[in-house]
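Here are my notes on the model you sent. They are numbered so that you can reply point by point.

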Amino acid sequence: MAAHAASTTGFARAFTSPPPRAVDLAADRDRTLHLLLELMGRAKAAGLLRRDFVLEDFSLALMANEGIRAESPALRLAATRRFAALMIQAFRAERAPTPLPPPVRLPLSREGVARLDRS
(Lines give C-alpha, C1' and ligand atoms only; values in the text may rest on other atoms or scores of the structure.)
Protein backbone atom coordinates (compact mmCIF):
# COMPACT_ATOMS: atom_id res chain seq x y z
CA MET A 1 0.00 0.00 0.00
CA ALA A 2 2.88 2.36 0.81
CA ALA A 3 4.46 1.69 -2.60
CA HIS A 4 1.15 2.49 -4.31
CA ALA A 5 0.82 5.65 -2.26
CA ALA A 6 4.36 6.69 -3.24
CA SER A 7 3.44 6.55 -6.93
CA THR A 8 -0.13 7.88 -6.73
CA THR A 9 -0.65 11.56 -6.01
CA GLY A 10 -3.27 12.12 -3.36
CA PHE A 11 -3.66 8.47 -2.32
CA ALA A 12 -2.88 9.15 1.34
CA ARG A 13 -5.33 12.05 1.43
CA ALA A 14 -8.14 9.59 0.67
CA PHE A 15 -7.49 8.09 4.11
CA THR A 16 -6.32 11.14 6.04
CA SER A 17 -8.85 13.82 5.15
CA PRO A 18 -12.48 14.05 4.09
CA PRO A 19 -13.01 13.43 0.37
CA PRO A 20 -13.78 16.48 -1.78
CA ARG A 21 -17.49 17.21 -2.09
CA ALA A 22 -17.30 17.11 -5.88
CA VAL A 23 -16.38 13.43 -5.79
CA ASP A 24 -18.50 10.86 -3.98
CA LEU A 25 -15.84 8.62 -2.48
CA ALA A 26 -17.28 8.52 1.02
CA ALA A 27 -18.90 5.06 0.66
CA ASP A 28 -15.73 3.47 -0.77
CA ARG A 29 -13.57 5.18 1.84
CA ASP A 30 -15.83 4.03 4.68
CA ARG A 31 -15.89 0.46 3.36
CA THR A 32 -12.10 0.41 3.06
CA LEU A 33 -11.63 1.82 6.56
CA HIS A 34 -14.11 -0.71 7.96
CA LEU A 35 -12.15 -3.56 6.31
CA LEU A 36 -8.92 -2.10 7.69
CA LEU A 37 -10.41 -2.01 11.20
CA GLU A 38 -11.44 -5.66 10.84
CA LEU A 39 -7.93 -6.59 9.70
CA MET A 40 -6.43 -4.68 12.63
CA GLY A 41 -8.75 -6.50 15.04
CA ARG A 42 -7.74 -9.90 13.69
CA ALA A 43 -4.04 -8.98 13.85
CA LYS A 44 -4.39 -7.80 17.46
CA ALA A 45 -6.31 -10.95 18.41
CA ALA A 46 -3.53 -13.05 16.88
CA GLY A 47 -0.93 -11.14 18.90
CA LEU A 48 0.74 -9.70 15.78
CA LEU A 49 -0.24 -6.04 16.07
CA ARG A 50 0.40 -3.74 19.02
CA ARG A 51 -2.67 -3.58 21.24
CA ASP A 52 -2.44 0.23 21.34
CA PHE A 53 -2.37 0.62 17.54
CA VAL A 54 -5.29 2.73 16.29
CA LEU A 55 -6.59 3.70 12.87
CA GLU A 56 -5.06 7.16 13.25
CA ASP A 57 -1.62 5.49 13.44
CA PHE A 58 -2.25 4.06 9.98
CA SER A 59 -3.23 7.51 8.71
CA LEU A 60 -0.14 9.03 10.31
CA ALA A 61 2.10 6.50 8.54
CA LEU A 62 0.44 7.29 5.19
CA MET A 63 0.92 11.03 5.74
CA ALA A 64 4.59 10.53 6.64
CA ASN A 65 5.08 8.29 3.61
CA GLU A 66 3.58 10.95 1.36
CA GLY A 67 6.24 13.40 2.59
CA ILE A 68 9.15 11.34 1.26
CA ARG A 69 11.13 13.36 -1.29
CA ALA A 70 13.77 11.83 -3.55
CA GLU A 71 15.59 12.68 -6.75
CA SER A 72 13.78 10.04 -8.82
CA PRO A 73 10.69 7.85 -8.67
CA ALA A 74 12.93 4.80 -8.20
CA LEU A 75 14.67 6.35 -5.18
CA ARG A 76 11.32 7.44 -3.75
CA LEU A 77 10.02 3.88 -4.07
CA ALA A 78 13.17 2.50 -2.41
CA ALA A 79 12.83 5.01 0.45
CA THR A 80 9.14 4.13 0.76
CA ARG A 81 9.98 0.44 1.08
CA ARG A 82 12.46 1.14 3.87
CA PHE A 83 10.01 3.45 5.65
CA ALA A 84 7.26 0.81 5.38
CA ALA A 85 9.61 -1.82 6.85
CA LEU A 86 10.40 0.50 9.77
CA MET A 87 6.70 1.17 10.35
CA ILE A 88 5.81 -2.52 10.20
CA GLN A 89 8.46 -3.28 12.82
CA ALA A 90 7.18 -0.44 15.01
CA PHE A 91 3.59 -1.69 14.74
CA ARG A 92 4.40 -5.31 15.58
CA ALA A 93 3.36 -6.63 18.96
CA GLU A 94 6.67 -8.47 19.37
CA ARG A 95 9.96 -6.73 18.74
CA ALA A 96 11.72 -9.33 16.62
CA PRO A 97 13.83 -7.16 14.30
CA THR A 98 14.02 -8.26 10.72
CA PRO A 99 16.52 -6.91 8.18
CA LEU A 100 15.51 -3.61 6.64
CA PRO A 101 15.73 -2.77 2.96
CA PRO A 102 18.92 -0.85 2.19
CA PRO A 103 19.08 2.82 3.18
CA VAL A 104 18.38 5.41 0.50
CA ARG A 105 20.39 8.61 0.19
CA LEU A 106 17.82 11.39 0.28
CA PRO A 107 18.41 15.10 -0.21
CA LEU A 108 19.04 17.04 2.99
CA SER A 109 18.50 20.74 3.40
CA ARG A 110 21.60 22.91 3.04
CA GLU A 111 21.23 23.96 6.68
CA GLY A 112 21.15 20.33 7.82
CA VAL A 113 24.27 19.48 5.83
CA ALA A 114 26.06 22.57 7.16
CA ARG A 115 25.30 21.50 10.75
CA LEU A 116 26.63 17.99 10.06
CA ASP A 117 29.81 19.39 8.52
CA ARG A 118 30.50 21.46 11.66
CA SER A 119 30.19 18.52 14.05
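1. Start with Leu 49. Leaving aside residues up to four places away in sequence, Leu 49 touches Met 40, Ala 43, Lys 44, Phe 91 and Ala 93. Leu 49 also belongs to the largest nonpolar core, and so does its contact Met 40. Bear in mind throughout that this is a predicted model.

2. The core itself. Nine residues make up the largest nonpolar core. Besides Leu 49 and Met 40, they are Ala 5, Leu 33, Leu 36, Phe 53, Leu 55, Phe 58 and Leu 62. Helix 3 supplies at least two residues of this core, and helix 4 does likewise. As a general background, nonpolar side chains in soluble globular proteins tend to be buried together.

3. The overall fold. The protein has six helices and zero strands. Read from the N terminus, the order of elements is α-α-α-α-α-α. There are 119 residues, and 24% of them count as buried. Take the contacts between residues at least 6 apart in sequence: 46% of these join residues at least 24 apart.

4. The largest pocket. Its space comes to about 490 Å³. The lining has 19 residues, and those closest to the pocket centre are Phe 53, Phe 58, Met 87, Ile 88 and Phe 91. Phe 53 and Phe 58 are also core members. Phe 91 is among the contacts of Leu 49.

5. Who lines the pocket? Which helices each supply at least two residues of the lining? They are helix 3 (26-45), helix 4 (55-66) and helix 5 (73-91). Helix 5 gives the largest share, five residues. By class, the lining has 17 nonpolar residues, one polar and one charged.

6. Two positions on helix 5. Leu 86 lies in this helix. Is Leu 86 buried or partly exposed? Its relative accessible area is 38%, so Leu 86 is partly exposed. Ala 78 is in helix 5 too. Ala 78 counts as partly exposed because its relative accessible area is 27%, and the cut-off for buried is under 20%.

7. Prolines across from helix 5. The C-alpha atoms of Leu 86 and Pro 101 are 9.2 Å apart, with the two positions 15 residues apart in sequence numbering. For Ala 78 and Pro 103, the C-alpha separation is 8.1 Å, and the two are 25 residues apart along the chain.

8. Confidence. Mean pLDDT for the protein is 79. A value of 70 or more is reached by 71% of its residues. Among the elements, helix 5 has the highest mean pLDDT, 90. Helix 6 (residues 110-118) has the lowest, at 55. The pocket's largest contributor, helix 5, is thus also the element with the highest mean pLDDT.

Definitions and conventions: Residues are numbered from 1 along each chain as its sequence is written. This is a predicted model: local features need pLDDT of at least 70, side-chain atom pairs count only at pLDDT 80 or more; totals for chains, interfaces and linings use all residues. Side-chain values use heavy atoms; hydrogens and water are left out. On a 1 Å grid over the protein atoms alone, a cavity is a set of points where a 1.4 Å probe fits but cannot get out, and a pocket is an open set with protein on both sides within 12 Å along at least five of seven lines; lining residues have an atom within 4 Å of a point. Grid points are joined across faces, edges and corners, and a volume is the space filled by probe spheres set on the points. Helices (H or I, at least four residues) and strands (E, at least two) are DSSP runs, numbered from the N terminus. Ala, Val, Leu, Ile, Met, Phe, Trp, Tyr, Cys and Pro count as nonpolar, Asp, Glu, Lys and Arg as charged, and the others, Gly among them, as polar. pLDDT is the predictor's confidence in each residue, from 0 to 100. A nonpolar core is a set of buried Ala, Val, Leu, Ile, Met, Phe, Trp, Tyr and Cys residues joined through side-chain atoms within 4.5 Å. Buried means under 20% relative accessible area, exposed over 50%, partly exposed in between (1.4 Å probe, protein chains only). Contact means heavy atoms within 4.5 Å.
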